Amino acid sequence: MAICLFFLTLLFFTTPLNSSPILESRFIKSLKNSTQQNYFELTHPLPSDFLSPTCTLLLLNHSFADTIGKPPVSAPYSPPNNCDWSHAVLQFTASCRGEQYDRIAAVWLEGSELLRTSTPEPTEDGVFWKVRKDVTRYSSLLSKPNLTLTVMLENVVNDVFTGIYHVNISILYYFNTAGDAPAPAPSPSTPANRLRLNRKLAFEVESDNLFKLNSMIISQKATDSLNDYNEKNIYKSPADLIIPISRTLSDEGFWFRITNGSVVQSKGIQIPNNTYKAVLEVYVSFHGDDEFWYSNPPDSYIQSNNLTTGRGHGAYREVFVNIDGNFVGSVIPFPVIFTGGINPLFWEPVVAIGAFNVPSYPFLLTPFLGQILDGKEHFFELGVADSIQFWLVDANLHLWFDHESAEVQAQSIDYRSPKLKIQRESSFRHLDGTFKVDAKRKSHFTGWVNSSSGNLTTHIIQKIKFRNSIKFYNNGTEKSVHQKIKNKIEIRVESSEGMVISRSKMKIRYPLTISISNLPWSENDTTLMMTSVDHGFKGKFKGELSGSVHSRQNSSGWMIVKDHDVLSGSADTYQVYDFKNELGCYSRTIDASNGWLIKDNSSFSCSSFS
């Protein structure tokens, strides 16, 4: 209410802006805070959060200062001696004080990416944060000695940008002592020495006086709560071998840089002949002129109005995967907003969904093994359709081997992937206008693999729908963005007799609404920006473990800006996160105002679900 009254008062003291359309940008806070703050991303807790690790290995302690154009930081890795473990968690802790933009960062092990993350924007008194990600799926890498851990965090430090990012990276190892039976989770008062961890990261507690928690969840964060579906229905167990699909290490790290829609980056791989399953895990993030791709107007609007911005080319992007030039899958990525984006006051101390643990996207390639199990080199290709400068993309190829056979037989028998259907509408006069994009794609891939487990046929059916609407009005000083992404995937495995062995389905939606208004402020070269963001995702899953997840973040506020500096402002952020499956529930609701939490409620009770 206070923000609304503030806006009404401002209407009496403002005059129309000069012609200049709103195009989203990154901002930096120039505000003071009274104490050091803990920043976080709202997520489901890892089950291991309740346990003490069997052992902990500190891998890196480094301060990232002026690192632009310099090689990434590396450290040796070998698994700890005399440590029995079955699960592993990567822990990234950091702190920073001063003035600094948000920065993108990544952690690789022997060229395979384990974590992509970004930093919060610090304050003079400092911020600190922690990211914990279950990395058990990389066990085949983590169990090998004499590897190299590499960390990339490009930063600029000078008289203006003073923030140095101090980073610690550790691997925490946990041991399976409990078998495979599902079990309830502990109450907060359960002693740690009475907890055990089973193969599926389930809790098993030696007490009956407990309330239930979803004991099989291994979600890393809000967007990667989809990871629960992926772990149970796509990965299922750690692969025997992980091969990085990334560039040779350089001063720019391992990731490929995609600068436009015609750029396709690739790596040649010879697949072992006893491979019976393959999953390509793709990491992707968007930056530069495409950081806010979902709000970019078409090039015709920019050219007609003689604008100098590079943020154009419309609002449709699609990450795709090819093998030897043949399309095998695509995804429209979740629109992660980094902490300097749209209004940086929204993202303190709770950052946007996915900002601390940027999601990866798995592509099940088993139906295509018949094309690549021939002892020859094949090229795995990554690209971003309709993209502009620039995207950072790489991938991990997870392979599962038939240990009872030196060679398996495979064949691709059905390939249906019609071209993307896309419709664009554009109507504008000067700086005011409306732009719409509607797109959809349906694909169906089928292939069989004959291994020691039998002759199994895998079907993958995917439907993607995309809708985006951008509107400029009031001579371009006001802008609204409405976007919906829908993705449906069905994976079905059948025996040679046609019996269904397993079936999983996922339905996911990514809604996004942005509203921005610009008004002149009393001082020269300053602008009042009124902003709001409503984004999140909804998912339903059916398979080995069925359930639903919903996360929504709603932010509104104002800020006085000069160039890219935020001089003052006010912001509120409300977020709700709900997860429910056959074993239990988890919910958490937070409310933040002007950088402080004013509400934080969580529950493991299913009674809060309608």
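What percentage of the 610 residues in the chain do buried residues make up? Buried residues make up 58% of the 610, where buried means under 20% relative accessible area, exposed means over 50% and partly exposed lies in between, with a 1.4 Å probe and protein chains only.

1. Basis of the model. This is a predicted model, in which local features need pLDDT of at least 70 and side-chain atom pairs count only at pLDDT 80 or more, while totals for chains, interfaces and linings use all residues. Residues are numbered from 1 along each chain as its sequence is written, and side-chain values use heavy atoms, with hydrogens and water left out.

2. Confidence. The chain has a mean pLDDT of 87, and 86% of its residues reach 70 or more; pLDDT is the predictor's confidence in each residue, on a scale from 0 to 100. Two stretches deserve caution. Over residues 1-18 pLDDT stays under 50, and the model has 20 contacts beyond four places in sequence for them. Residues 178-225 also stay under 50, with 149 such contacts in the model. A contact means heavy atoms within 4.5 Å.

3. Overall composition. The secondary structure comes to 5 helices and 32 strands. These are DSSP runs numbered from the N terminus: helices are H or I with at least four residues, strands E with at least two. Of the contacts in the chain with a separation of 6 or more, 74% are between residues 24 or more positions apart.

4. The five-stranded sheet. An open sheet of 5 strands follows the order β2-β8-β5-β10-β3, with mixed pairing; two strands pair if DSSP finds at least two bridges between them. Its edge strands are β2 (37-39) and β3 (55-64), each of which pairs on one side only. Neighbouring strands of this sheet are turned by 20° against each other on average, direction ignored; the axes are lines fitted to C-alpha atoms, for helices over the stretch in contact, and angles run from 0 to 180 degrees between N-to-C directions. The edge strand β2 pairs with β8 (residues 127-134) in the parallel sense over 3 bridges. Within this pairing, Tyr-39 has Trp-129 in β8 as its bridge partner.

5. The four-stranded sheet. A second entry is an open sheet of 4 strands in the order β15-β20-β17-β18, with antiparallel pairing. β15 (264-270) and β18 (326-331) are at the edges with a single partner strand each, so one side of each is left without a neighbour in the sheet. The average turn between neighbouring strands of this sheet is 20°, direction ignored. β17 (residues 318-323) pairs with β18 in the antiparallel sense over 5 bridges, and Ile-323 stands opposite Asn-326 in β18.

6. Strand β16. In β16, 11 of the 12 residues are buried, so this strand is largely enclosed by the rest of the structure. β16 pairs with β21 in the antiparallel sense over 11 bridges, with Val-393 in β21 as the bridge partner of Val-284. A further 5 bridges join β16 to β19 (residues 360-364), and these strands run antiparallel; here Leu-280 has Phe-363 as its bridge partner in β19.

7. Aromatic pairs. The count comes to 26 aromatic pairs, where rings of Phe, Tyr and Trp (its six-membered ring) pair if their centres lie within 6.5 Å, and planes under 30 degrees apart count as stacked, over 60 as edge-to-face and the rest as tilted. The rings of Phe-286 and Trp-293 have centres 6.1 Å apart and planes at 85°, so this pair is edge-to-face. For Trp-293 and Trp-391 the centres are 6.4 Å apart and the planes at 40°, so this pair is tilted. The latter pair links distant parts of the chain, 98 residues apart: Trp-293 lies in the loop between β16 (275-286) and α4 (299-304), and Trp-391 in β21 (residues 391-401). Phe-286 and Trp-293 are buried, and Trp-391 is buried as well. Ring pairs join Phe-286, Phe-292, Trp-293, Tyr-294, Tyr-316, Trp-391 and Phe-466 into a cluster.

8. Backbone points to inspect. The peptide bond from Glu-348 to Pro-349 is cis, with omega near -5°, and Pro-349 is in the loop between β18 and β19. The bond from Gln-389 to Phe-390 is also cis, with omega near 0°; Phe-390 is in the loop between β20 (377-385) and β21. Asn-306, in the loop between α4 and β17, has a positive phi near 55° while being a residue other than glycine.
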